[in-house]
Amino acid sequence: MALTESSKAASAAKASTMKTIGLLGGMSWESTIEYYRLLNETVKAELGGLHSAKILMYSVDFEELVELKHKGDWGEIGRLLAEAAARLETGGADCILLATNTMHKVADDISMSAKIPLIHIADATADAIKQQGIQRIGLLGTRFTMEESFYKDRLIHRHGLAIQVPNSESRELVHDVIYDELCLGKIREQSRDRFRIIIADLIEAGAEAIILGCTEIGLLVRPEDSSVPLFDTTVIHTRAAVEWAIDSAA
């Protein structure tokens, strides 16, 4: 009984100093729902009882950002997201959690405009991978994430991972499923089957595990769809944020 009371007291102490997570979401809101759920479930698992995460959320209109992406206007995207992050900071957030992989292309814009830390999704994912002793890993995500340097180079040069991506045809398929289906809440078995094939091809090429490098992919792909471990960036990112919110307050 004394131990139980002691545990309750410790949890209450942690909760009283828990930091507020500034959740920058809406990209898409389908995955932002998962962020909100996982943040609260993780806090409950850590602290017990009726404890939940302290969250301040700013949700953007994703269509506006998608149009800017198609124009290649990442400068304006960076400005808009930095402005949104500043609003979270002004509102009392202690950190920024950018609930998307692709938009981490403008992570530096956000970091430079905010005094509070940005919990980078690629760093959190790489840390989880290295804890498992895995070095060669396949990457699935939007075309931007799979093809451009902002994400892959961080994993390679900062964390020493070897990254594989699907061939061009498969990259296009993954990208289209994300935007045309998952971001719209459409979960299709045919697409799951195609993802299984793409994952199997990456494994055959030497991948020891797979990064689900888009926050919507976990809505479609399940652990049983792969013969190697899956690293769901949504799950990893939210766990890292909760750990930061609780531990940094100690």
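Glutamate 208 touches Ile134, Gln135, Arg136, Val228 and Pro229, once residues up to four places away in sequence are set aside. I begin with this residue in what is, I should say at once, a predicted model. Glutamate 208 sits in the loop between α10, residues 189-204, and β6, residues 209-212. With a relative accessible area of 37%, glutamate 208 counts as partly exposed. Two of its contacts involve backbone nitrogens. The side chain of glutamate 208 reaches the backbone nitrogen of arginine 136 at 2.7 Å, and that of glutamine 135 at 3.3 Å. There is also a long-range pairing to note: glutamate 208 and isoleucine 137 are 71 residues apart in sequence, yet their C-alpha atoms are 5.5 Å apart in space.

From there I move to helix α6. How many of the residues of α6 are buried? Eight of its eleven residues are, which leaves the helix mostly covered. The buried residues are Ile121, Ala122, Asp123, Ala124, Thr125, Ala126, Ala128 and Ile129. They pack against α2, β4 (136-140), α8 (149-158), β6, β7 (230-232) and α11. Just after α6, glycine 133 adopts a positive phi of about 70°. As general background, most residues other than glycine have a negative phi.

One of those partners deserves a closer look. Helix α6, residues 121-131, and helix α11, residues 233-247, pack at an angle of about 100°, with their axes 9 Å apart. The two helices are therefore roughly perpendicular to each other. On the α6 side, the contact is made by Ile121, Ala124, Thr125 and Ala128; on the α11 side, by Thr233, Ile236, His237 and Ala240. By class, this contact has five nonpolar, three polar and no charged residues. The spacing of such positions recalls a general point: an α-helix has 3.6 residues a turn, so residues three or four places apart point the same way.

Let me stay with threonine 233, which lies in helix α11. Is threonine 233 buried or exposed? Threonine 233 is buried, with a relative accessible area of 0%. Its side chain reaches the backbone oxygen of leucine 212 at 2.8 Å. Beyond residues up to four places away in sequence, threonine 233 touches Tyr35, Asn101, Ile121, Thr125, Tyr151, Ile211, Leu212, Gly213, Cys214 and Thr215.

Aspartate 232 belongs to strand β7. Aspartate 232 has a relative accessible area of 19% and counts as buried, because the cut-off for that class is under 20%. A polar atom of its side chain lies 3.0 Å from the backbone nitrogen of threonine 234. Leaving aside neighbours within four places in sequence, aspartate 232 is in contact with Leu212 and Gly218. By way of a longer distance, the C-alpha atoms of aspartate 232 and glycine 72 are separated by 27 Å, at 160 residues apart along the chain.

Threonine 215, already named among the contacts of threonine 233, appears again with serine 31. Serine 31 lies in helix α2 and is buried, with a relative accessible area of 0%. Its side chain makes polar contacts with two other side chains: that of threonine 215 at 3.0 Å, and that of glutamate 216 at 2.9 Å. Leaving aside neighbours within four places in sequence, serine 31 is in contact with Ala99, Thr215 and Glu216.

Shortly before α2 there is a backbone feature. The peptide bond from methionine 27 to serine 28 is cis, with omega near 0°. Serine 28 is placed in the loop between β1 (21-25) and α2 (29-47). In general, most peptide bonds are trans.

Methionine 27 leads to the nonpolar interior. The largest nonpolar core has 78 residues, and Leu24, Met27, Leu65, Leu81, Met103 and Leu140 touch the most other members. Which residues are in contact with methionine 103, leaving aside neighbours within four places in sequence? They are Met27, Phe62, Leu65, Lys69, Trp74, Ile77, Leu81 and Leu98.

Several of these names return in my final topic, the pairing of α3 with α4. The axes of helix α3, residues 62-71, and helix α4, residues 74-91, come within 8 Å and cross at roughly 150°. That makes α3 roughly antiparallel to α4. Leu65, Leu68 and Lys69 of α3 meet Trp74, Glu76, Ile77, Leu80 and Leu81 of α4. These residues divide into six nonpolar, no polar and two charged.

Key:
Residues are numbered from 1 along each chain as its sequence is written. This is a predicted model: local features need pLDDT of at least 70, side-chain atom pairs count only at pLDDT 80 or more; totals for chains, interfaces and linings use all residues. Side-chain values use heavy atoms; hydrogens and water are left out. A nonpolar core is a set of buried Ala, Val, Leu, Ile, Met, Phe, Trp, Tyr and Cys residues joined through side-chain atoms within 4.5 Å. Buried means under 20% relative accessible area, exposed over 50%, partly exposed in between (1.4 Å probe, protein chains only). Contact means heavy atoms within 4.5 Å. Axes are lines fitted to C-alpha atoms, for helices over the stretch in contact, and angles run from 0 to 180 degrees between N-to-C directions. Helices (H or I, at least four residues) and strands (E, at least two) are DSSP runs, numbered from the N terminus. Angles under 35 degrees count as roughly parallel, over 145 as roughly antiparallel, 65 to 115 as roughly perpendicular and the rest as oblique. Ala, Val, Leu, Ile, Met, Phe, Trp, Tyr, Cys and Pro count as nonpolar, Asp, Glu, Lys and Arg as charged, and the others, Gly among them, as polar. A polar contact is a pair of N or O atoms within 3.5 Å; within protein, one must be able to donate a hydrogen and the other to accept it, and residues adjacent in sequence count only if both atoms are side-chain atoms.
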